[in-house]
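Here is a quick tour of the spaces inside one protein structure and of what sits in them. Have a look at it first, then read on.

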Amino acid sequence: MTDAVQTPSNGDFTKRVFSGVQPTGALTLGNYLGALKRFVDMQNEDYETIYCIVDLHAITVWQDPKTLRDQVREIAASYLASGLDPAKSIIFNQAAVEEHAQLAWVFNCVARMGWMQRMTQFKDKAGKNAQNASVGLFTYPALMAADILLYHATHVPVGDDQKQHLELTRDIATKFNHDFGQDFFPITEPVIGGPAARVMSLRDGSKKMSKSDPSDLSRINMADDADTIAQKIRKAKTDPEALPSEEAGLEGRAEARNLVAIYAALADESVEKVLTEVGGKQFSEFKPMLVERAVEKLSPISAEMRRLLDDKSEIDRVLEGGAERARAIAAPILKRTYEIVGLK
Ligand code: TRP
């Protein structure tokens with residue numbers, strides 16, 4: 001048994017966070033408020049933190065090879081500009097650590113067809129033409145389980161939409177441990193929710209703000225400049241009424257709720273508190289306040305992103321160093337997995 005590899009029999013698992021973002025488009029304010037802010041908080045708490053850019057997941061749908069590498073760098077720039085610190089967190093891209101694909105294969109053999117067939121994200125992403133989706137898109141959750149369990153991660157901050165994949169990760173760990181009679185993999189906890197877990201589209205308050213929405217007006221990108229932010233907020237959908245002074249008044253007003261929630265998250269205040277300040281105001285008065293908050297928060301981040309993307313060598317160095325540290329954790333865990341399964 002490799003000493004570096006922990007199992008419950010030699011003590012509790014280290015509190016270790018793993019999360020990942022796909023390099024399939026520029027990150028939005030929704031990614032920042034819903035995910036990256038929490039990544040930074042957890043980095044500064046008593047966890048080991050590992051943040052990945054999941055390029056192997058990205059190719060489950062076709063990506064232009066030339067833009068893929070740039071998108072990886074762009075996500076890395078968003079991570080760093082948001083406050084992730086390579087001295088505190090391991091930051092790397094998935095393809096640089098080959099063990100991800102290797103453990104994913106083992107998990108493809110642990111997971112059952114029926115489990116995968118229940119995954120709602122596959123159904124959503126494959127759409128009507130599921131027969132034409134890649135096999136990789138179907139087994140995507142086994143790779144995600146491998147990402148997490150390759151580091152014996154105990155906590156995974158994710159959006160609501162990933163909850164089912166986290167449950168599958170727990171099922172895979174449980175079945176593996178049971179099938180091989182070992183308490184080897186931890187049963188990972190999702191870290192879900194929080195004040196701004198769901199930032200909605202600026203054009204439709206019932207849809208999540210998404211980096212893949214065809215309309216750029218539906219989102220604020222982390223790299224948008226002040227004029228673009230102002231223009232998008234000015235055009236954001238609203239309703240004709242004034243803002244309420246209590247939360248109950250947001251009932252049935254998805255767009256109003258969304259804009260107030262964004263304001264609150266940017267100001268680090270509760271929706272309740274914000275409404276005591278802005279209740280009674282018209283959107284014509286509230287929107288400029290929101291623009292000011294958004295620009296104040298995002299302009300230092302987008303400026304730093306531009307600086308980083310201007311000369312890619314710093315990002316490439318961070319990714320390389322991160323991959324090396326990631327491999328140092330992953331390799332003994334994969335090796336032990338192979339031994340447990342009876343491989344080599
Ligand atoms: N599936 C996640 C998403 O689309 C990305 C992801 C891949 C991930 N591997 C992960 C998230 C491991 C958390 C942990 O958002």
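In this predicted model, 41 residues line the largest pocket, and the ones nearest its centre are Q121, D161, Q162, K208 and K211. The pocket's volume comes to about 1100 Å³. Several elements each give two or more residues to this lining: the strands β1 and β4 (155-157), plus the helices α1 (29-43), α2 (55-58), α6 and α7. Sort the lining residues by class and you get 17 nonpolar, 17 polar and seven charged.

So what about the ligand? The space it takes is this largest pocket. Two elements give two or more residues to the shell around the ligand, namely β1 (16-21) and α7. Of these, α7 is worth a second look, as it brings four residues, the largest share of the shell.

Which residues come nearest to the ligand? There are 13 residues around it, and Q22, Y140, M144, D147 and Q162 come nearest. By class, the shell has seven nonpolar residues, five polar ones and one charged one.

Some of these neighbours also reach the ligand with polar side-chain atoms. The table puts these pairs side by side.

| Residue | Ligand atom | Distance |
|---|---|---|
| Q22 side chain (N or O atom) | oxygen | 3.4 Å |
| D147 side chain (polar atom) | nitrogen | 2.7 Å |
| Q162 side chain (N or O atom) | nitrogen | 2.9 Å |

How much of the ligand's accessible area does the protein cover? On its own the ligand has 370 Å² of accessible area, and the protein covers 89% of that.

Now for the closed-off space. The model has one cavity of 30 Å³ or more, and about 40 Å³ of space lies in it. Its lining is made up of Q121, F122, K125, L137, Y140, P141 and H165. Two helices, α6 (120-126) and α7 (135-149), each supply at least two residues of that lining. In terms of class, four of the lining residues are nonpolar, two are polar and one is charged.

A few names turn up in more than one place. Y140 lines the cavity and is also among the residues that come nearest to the ligand. Q121 is another cavity-lining residue, and Q121 is also listed among those nearest the centre of the largest pocket. Q162 lies nearest that centre too, along with others, and has a side-chain N or O atom 2.9 Å from a nitrogen atom of the ligand.

Technical notes: Residues are numbered from 1 along each chain as its sequence is written. This is a predicted model: local features need pLDDT of at least 70, side-chain atom pairs count only at pLDDT 80 or more; totals for chains, interfaces and linings use all residues. Side-chain values use heavy atoms; hydrogens and water are left out. On a 1 Å grid over the protein atoms alone, a cavity is a set of points where a 1.4 Å probe fits but cannot get out, and a pocket is an open set with protein on both sides within 12 Å along at least five of seven lines; lining residues have an atom within 4 Å of a point. Grid points are joined across faces, edges and corners, and a volume is the space filled by probe spheres set on the points. Ala, Val, Leu, Ile, Met, Phe, Trp, Tyr, Cys and Pro count as nonpolar, Asp, Glu, Lys and Arg as charged, and the others, Gly among them, as polar. A residue is near a molecule or strand if one of its heavy atoms lies within 4 Å of it. A polar contact is a pair of N or O atoms within 3.5 Å; within protein, one must be able to donate a hydrogen and the other to accept it, and residues adjacent in sequence count only if both atoms are side-chain atoms. Accessible areas come from the Shrake-Rupley method with a 1.4 Å probe; for residues, only the protein chains shown count as cover. A molecule sits in a cavity or pocket if more than half of its atoms lie within 2 Å of its grid points.
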